[in-house]
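Here is a friendly tour of a protein chain for someone new to reading structures. Please keep the picture open beside the text as you go.

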Amino acid sequence: MYHIKEAAQLSGVSVKTLHHYDKIGLLVPIKSENGYRTYSQEDLERLQVILYYKYLGFTLEKIAELLKEDRSDLLPHLTRQLDYLTRERQHLDSLIFTLQKTIQEQKGEREMSIQEKFAGFNYQDHQKYHQEAVEKYGQEVMDQALERQKGHEDEATAAFNQVFRALSQNLQAGLPVTATENQEEAARLLQAIRTYGFDCSIEVFGYIGKGYVYNPEFKENIDKFGPGTAQYTSDVIAYYVQTQTK
């Protein structure tokens, strides 16, 4: 058994935070008659799971919901978290490699193609946006998406980036959002989401398109393909959805 200060020191979590977790029912320790809190080995294992979910971007409310589903078994959570973190490591490795090559190019030691400059960038930016996606579409849908992407991460990234790159070029060429070329790219983007993500409906595709602008991080990443690409992509998708729902 561990007193609250010991639990805080072992986990790196403040006593105040542990008090808060207790208050909201997320991590409830044993309390003595004089009000002292003590934590069991099982409590600390639960705290570990909580901290991993926090690192992955889950809200405390969502963590409580997830832990409630498997109250007596933490193994499914640990397995899921290992999968998420492994994917994040792969994504970071790709970004680090791209950054290293970019530095070499700036030093005049090599040249990079446009495709190389954006290797590692993904419209979803997996872990950063994962919790938001879970809240919108549900854990089951996102687990399905992760399963579909398994082993195809680079292929998925290339598919999305190809669409954003083409739309950026169309924007620079002055094509209207209603142009056939743009509508074909919207269809490719929807197909990519369905192939590497989930069975996305036309209606949800419309919401995703709006998110490219309203979500600052989405917008920033897509605009790396060229200023205004996020808004242009959003408008292209909006017109595509409109034509498909008539």
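The report below goes from the whole chain to its helices, its cores, its salt bridges and its surface.

## The whole chain

Before you start, keep in mind that this is a predicted model. The chain folds into 13 helices and three strands. Of its 246 residues, 43% are buried. Contacts tell us how the chain comes back to itself: among those with a separation of 6 or more, 63% are between residues 24 or more positions apart. About 13900 Å² of the chain is exposed, and carbon and sulfur atoms supply 52% of that area.

## Two helices to look at

Let us begin with α3, which runs over residues 41–55. This helix has 15 residues, and the distance from its first C-alpha to its last is 21 Å, close to the 21 Å expected at 1.5 Å a residue. Which residues of α3 are buried? They are D43, L44, R46, L47, V49, I50 and Y53. Charged residues are on that list too, including D43 and R46. Just after the helix comes G57, which takes a positive phi of about 100°.

Now move along to α11, at residues 202–214. With 13 residues, α11 reaches 19 Å from first C-alpha to last, close to an expected 18 Å at 1.5 Å a residue. Its buried residues are I202, F205, G206, I208, G209, G211, Y212 and V213. Three glycines appear here, namely G206, G209 and G211.

## The nonpolar cores

Two of the buried residues of α11 turn up again in the largest nonpolar core. This core has 27 residues, and those with the most contacts inside it are F160, F164, L189, I193, C200, F205 and Y212. Several helices contribute: α9 (153–172), α10, α11, α12 (216–222) and α13 (229–244) each supply at least two residues. There is also a second, separate core of 21 residues, with A8, V13, F58 and L67 among them.

Two charged residues in these helices deserve a look. E185 lies in α10, which spans residues 180–196. Is E185 buried or exposed? E185 counts as buried, because its relative accessible area is 12% and the cut-off for buried is under 20%. Leaving out residues up to four places away in sequence, E185 touches V163, A166, L167 and N170. The other residue, R165, is part of helix α9. R165 is buried as well, with a relative accessible area of 14%. Although R165 and I222 are 57 residues apart in sequence, their C-alpha atoms are 9.1 Å apart in space.

## Salt bridges

Side chains of opposite charge can pair when their charged atoms come close. How many salt bridges does the structure hold? There are five, and the table shows some of them.

| Salt bridge | N to O distance |
|---|---|
| R37 and D22 | 2.7 Å |
| K62 and E65 | 3.3 Å |
| K219 and D223 | 3.1 Å |

Take the pair of R37 and D22, whose side chains meet in a salt bridge. R37 is in strand β3 (residues 37–39) and D22 is in helix α2 (residues 15–23), so this pair ties together parts that are 15 residues apart in sequence. D22 is buried, at 9% relative accessibility.

The pair of K62 and E65 is found inside one helix, α4 (residues 60–69). Why are these two separated by about one helical turn? Because K62 and E65 are three residues apart in that helix. K62 counts as buried at 11% relative accessibility, whereas E65 is partly exposed at 40%.

For K219 and D223, the side chains also meet in a salt bridge. K219 is partly exposed, with 31% relative accessibility, while D223 is buried, with 18%. Finally, salt bridges with shared partners join D22, K31 and R37 into one network.

## A patch on the surface

To finish, return to α3, the helix that holds Y52. Y52 is partly exposed, with a relative accessible area of 34%. Which residues form a nonpolar patch on the surface together with Y52? The partners are L75 and L78, and the three have about 260 Å² of accessible area together. In α3, then, Y53 is buried, while its neighbour Y52 is partly exposed.

Technical notes
Residues are numbered from 1 along each chain as its sequence is written. This is a predicted model: local features need pLDDT of at least 70, side-chain atom pairs count only at pLDDT 80 or more; totals for chains, interfaces and linings use all residues. Side-chain values use heavy atoms; hydrogens and water are left out. Helices (H or I, at least four residues) and strands (E, at least two) are DSSP runs, numbered from the N terminus. The expected span of a helix is 1.5 Å times one less than its number of residues. Buried means under 20% relative accessible area, exposed over 50%, partly exposed in between (1.4 Å probe, protein chains only). Contact means heavy atoms within 4.5 Å. Accessible areas come from the Shrake-Rupley method with a 1.4 Å probe; for residues, only the protein chains shown count as cover. Patches are made of residues with over 30% relative accessible area and no salt bridge: like charges are joined within 9 Å, nonpolar side chains (Val, Leu, Ile, Met, Phe, Trp, Tyr) within 5 Å. A salt bridge is a side-chain nitrogen of Lys or Arg within 4 Å of a carboxyl oxygen of Asp or Glu. A nonpolar core is a set of buried Ala, Val, Leu, Ile, Met, Phe, Trp, Tyr and Cys residues joined through side-chain atoms within 4.5 Å.
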